[in-house]
Amino acid sequence: MKECPFCAKQIQDEAIFCKYCHNDLVASVATVTSQNNAVLTTPKFSAIRVSRVKTKWAPTVSIISIVAGVIGLVAFASPLVGNLLGLTAIISGTIAANAGENKGKIGIVIGLVDIVIALILIMSNI
Ligand SMILES: [Zn+2]
């Protein structure tokens, strides 16, 4: 015999459900086990949650990235400006993407195109 953790009545050792309060004893054992492992598992779970939750500023940074990238695309008159805007787009896009904002990846791609175009223009001027 053992004591039900919910109603404290004496029940069979093999019991899965308490016959008095009908609580699930297997689930309660699993909860206790996971609490014992909490020191090991909690940091991992919280790290996964942090990486999946978007931060409040991430969408703004991704928009900055895309805007900088698009301006860089039309800044053909000055390859240097195009390069700087491309770099801005890649850096801010990376920050936004790391914070869980997928639009940041668009900024990274546009930024890379900026730099490629700017480099082609610089090369062709030499
Ligand atoms: Zn019970």
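Here is a short tour of the protein chain shown above, from its overall layout to a few residues worth finding in your viewer. The model is predicted. Its protein chain holds 5 helices and 2 strands, and starting at the N terminus these elements follow the order β-β-α-α-α-α-α. Helices H3, H4 and H5 are the elements that each give two or more residues to the largest nonpolar core, and much of this briefing follows them.

**Overall layout**

- The protein chain has 126 residues, and 25% of them are buried.
- Take the contacts in the protein chain between residues at least 6 apart in sequence: 48% of these join residues at least 24 apart.

**Helix H3**

- H3 covers residues 58–74, which is 17 residues. From first C-alpha to last, H3 reaches 25 Å, close to the 24 Å expected at 1.5 Å a residue.
- The buried residues of H3 are Ala-58, Val-61, Ser-62, Ile-64, Ser-65, Ile-66, Ala-68, Gly-69 and Gly-72.
- Helix H4 (79–98) and helix H5 (103–125) are what the buried residues of H3 pack against.
- To see one of these buried residues at work in the packing, pick Val-61. Leaving aside residues up to four places away in sequence, Val-61 touches Ser-92, Ile-95, Ala-96 and Gly-104.

**Helix H4 and its partner H5**

- H4 has 20 residues and reaches 28 Å from its first C-alpha to its last, close to the expected 28 Å at 1.5 Å a residue.
- Buried positions in H4 include Pro-79, Gly-82, Asn-83, Leu-85, Gly-86 and Thr-88. Ala-89, Ile-90, Ser-92, Gly-93, Ala-96 and Ala-97 are buried in H4 as well.
- H3 and H5 are among the elements that cover the buried residues of H4.
- The axes of H4 and H5 come within 7 Å and cross at roughly 160 degrees. Because angles over 145 degrees count as roughly antiparallel, H4 is roughly antiparallel to H5.
- The H4 and H5 crossing is left-handed.
- After H4 comes Gly-100, which has a positive phi, near 95 degrees.

**The largest nonpolar core**

- This core has 13 residues. Those that touch the most other members are Val-61, Ala-68, Ala-89, Ala-96 and Ile-110.
- H3, H4 and H5 each give two or more residues to this core.

**A contrast within H5**

- Ile-117 sits in helix H5. Ile-117 counts as partly exposed because it has 18 C-beta neighbours inside 10 Å, while 20 or more would make a residue buried.
- Ile-117 and Pro-79 are 38 residues apart along the chain, and their C-alpha atoms are separated by 7.9 Å.

**Two loop residues with positive phi**

- Most residues other than glycine have a negative phi, so a positive value is worth a look when you meet one.
- Ala-8 has a phi near 70 degrees, which is positive. Ala-8 lies in the loop between strand S1 (2–3) and strand S2 (10–11). Ala-8 counts as exposed because it has 11 C-beta neighbours inside 10 Å.
- His-22 also has a positive phi, near 65 degrees. His-22 lies in the loop between S2 and helix H1 (25–36). With 9 other C-beta atoms within 10 Å, His-22 is exposed.

Methods: Residues numbered from 1 in each chain as written. Predicted model: local features only at pLDDT ≥ 70, side-chain atom pairs only at ≥ 80, totals over all residues. Helix = DSSP H or I, 4+ residues; strand = E, 2+ residues; numbered from the N terminus. Buried ≥ 20, exposed ≤ 12 C-beta atoms within 10 Å, placed from the backbone. Contact = placed C-beta atoms within 7 Å. Expected span 1.5 Å × (residues − 1). Core = buried A, V, L, I, M, F, W, Y, C linked by C-beta atoms within 7 Å. Axes fitted to C-alpha atoms, helices over the stretch in contact; angles between N-to-C directions. Parallel < 35°, antiparallel > 145°, perpendicular 65-115°, else oblique. Left-handed = near helix turned anticlockwise from the far one by under 90°.
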